[in-house]
Amino acid sequence: MESQSNFPSIHHHLDRRYQSNKPEHFSQNSSAIGAEAPSAQAQPTPLQLTNLPYFVRRTPSNKLPVYLETKAGGTKRLTKIQKTEGDLEALKSDLATALNLETGSKKPEVTINSTTGHIIVKGWRKDEIQKFLIDRNF
């Protein structure tokens with residue numbers, strides 16, 4: 001047993017302190033900043049949940065699924081919203097109202113692809129659509 005006590009334990013690296021090449025005033029400031037951060041943070045406001053009949057899921061990287069598309073050799077510009085669920089007609093009408101677009105004409109500016117569940121808007125309107133979705137807590 002004594003021979004084992006002469007050797008460091010397998011957890012000796014956890015207790016080891018490394019010397020830093022930084023001057024002491026940097027390490028003091030970093031600890032002071034870390035101490036101030038929790039008190040400086042304001043409490044987050046709770047999300048206001050709404051009972052919308054539709055939902056737009058975020059991507060695995062936590063971004064909104066709004067994409068720009070070009071067709072017809074680059075002359076036809078579209079914006080597509082993917083990962084939609086629920087009442088897509090309500091989403092379509094709310095989006096058209098928010099963007100001041102028509103939906104009832106022969107060639108509507110906002111359409112639904114019923115096979116994929118995507119909402120397609122004519123033109124490149126990614127920023128406006130993302131603002132619309134963020135305002136609705138998606």
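Before we set off, one term: two residues are in contact when heavy atoms of theirs lie within 4.5 Å of each other. Keep in mind, too, that the model on your screen is predicted.

**Stop 1: the whole chain**

Show the protein as a cartoon. You should find five helices and six strands. Following the sequence, they come in the pattern α-α-α-β-β-β-β-α-β-β-α. The protein has 138 residues, and 22% of them count as buried. Among the contacts with a separation of 6 or more, 61% join residues 24 or more positions apart.

**Stop 2: the sheet**

Next, select β2 (66-71), β3 (76-81), β5 (110-113) and β6, the last being residues 118-122. These four strands make an open sheet in the order β2-β3-β6-β5, with antiparallel pairing. Why do β2 and β5 each have one side without a neighbour in the sheet? Both stand at the edges with a single partner strand, so nothing in the sheet pairs on their other side. Look along the sheet as well: on average, neighbouring strands are turned by 30° against each other, direction ignored.

**Stop 3: β6 and its two partners**

Zoom in on β6. Strand β3 pairs with β6 over four bridges. On this side, Ile81 stands opposite Ile119, and Leu78 has Lys122 as its bridge partner. Strand β5 also pairs with β6 over four bridges, and here Asn113 is partnered by His118. Now select the turn that links β5 and β6. This hairpin has four residues between the strands, and Gly117 takes a positive phi near 80°.

**Stop 4: around Ile119**

Show the side chain of Ile119 in β6. Which residues does Ile119 contact, leaving aside its neighbours within four places in sequence? Select Thr79, Lys80, Ile81, Thr84, Leu88, Leu91, Leu95, Val110, Thr111 and Ile112 to see them.

**Stop 5: the largest nonpolar core**

In soluble globular proteins, nonpolar side chains tend to be buried together. Here the largest nonpolar core has 19 residues, and Ile81, Leu95, Ile119, Val121, Ile129 and Leu133 touch the most other members. Colour β1 (54-56), α4 (88-99), β6 and α5 (126-135): each supplies at least two residues of this core. Helix α4 gives the most, with six residues.

**Stop 6: the helix across the sheet**

Finish with α5. This helix lies across β2, β3 and β6, and runs at about 155° to β2. Then switch on the surface: the protein exposes about 10900 Å², of which carbon and sulfur atoms supply 51%.

Definitions and conventions. Residues numbered from 1 in each chain as written. Predicted model: local features only at pLDDT ≥ 70, side-chain atom pairs only at ≥ 80, totals over all residues. Heavy atoms only, no water. Pairing = 2+ DSSP bridges. Buried < 20%, exposed > 50% of the residue type's maximum accessible area, 1.4 Å probe, protein only. Areas by Shrake-Rupley, 256 points an atom, 1.4 Å probe, with all protein chains shown as cover. Core = buried A, V, L, I, M, F, W, Y, C linked by side-chain atoms within 4.5 Å. Axes fitted to C-alpha atoms, helices over the stretch in contact; angles between N-to-C directions.
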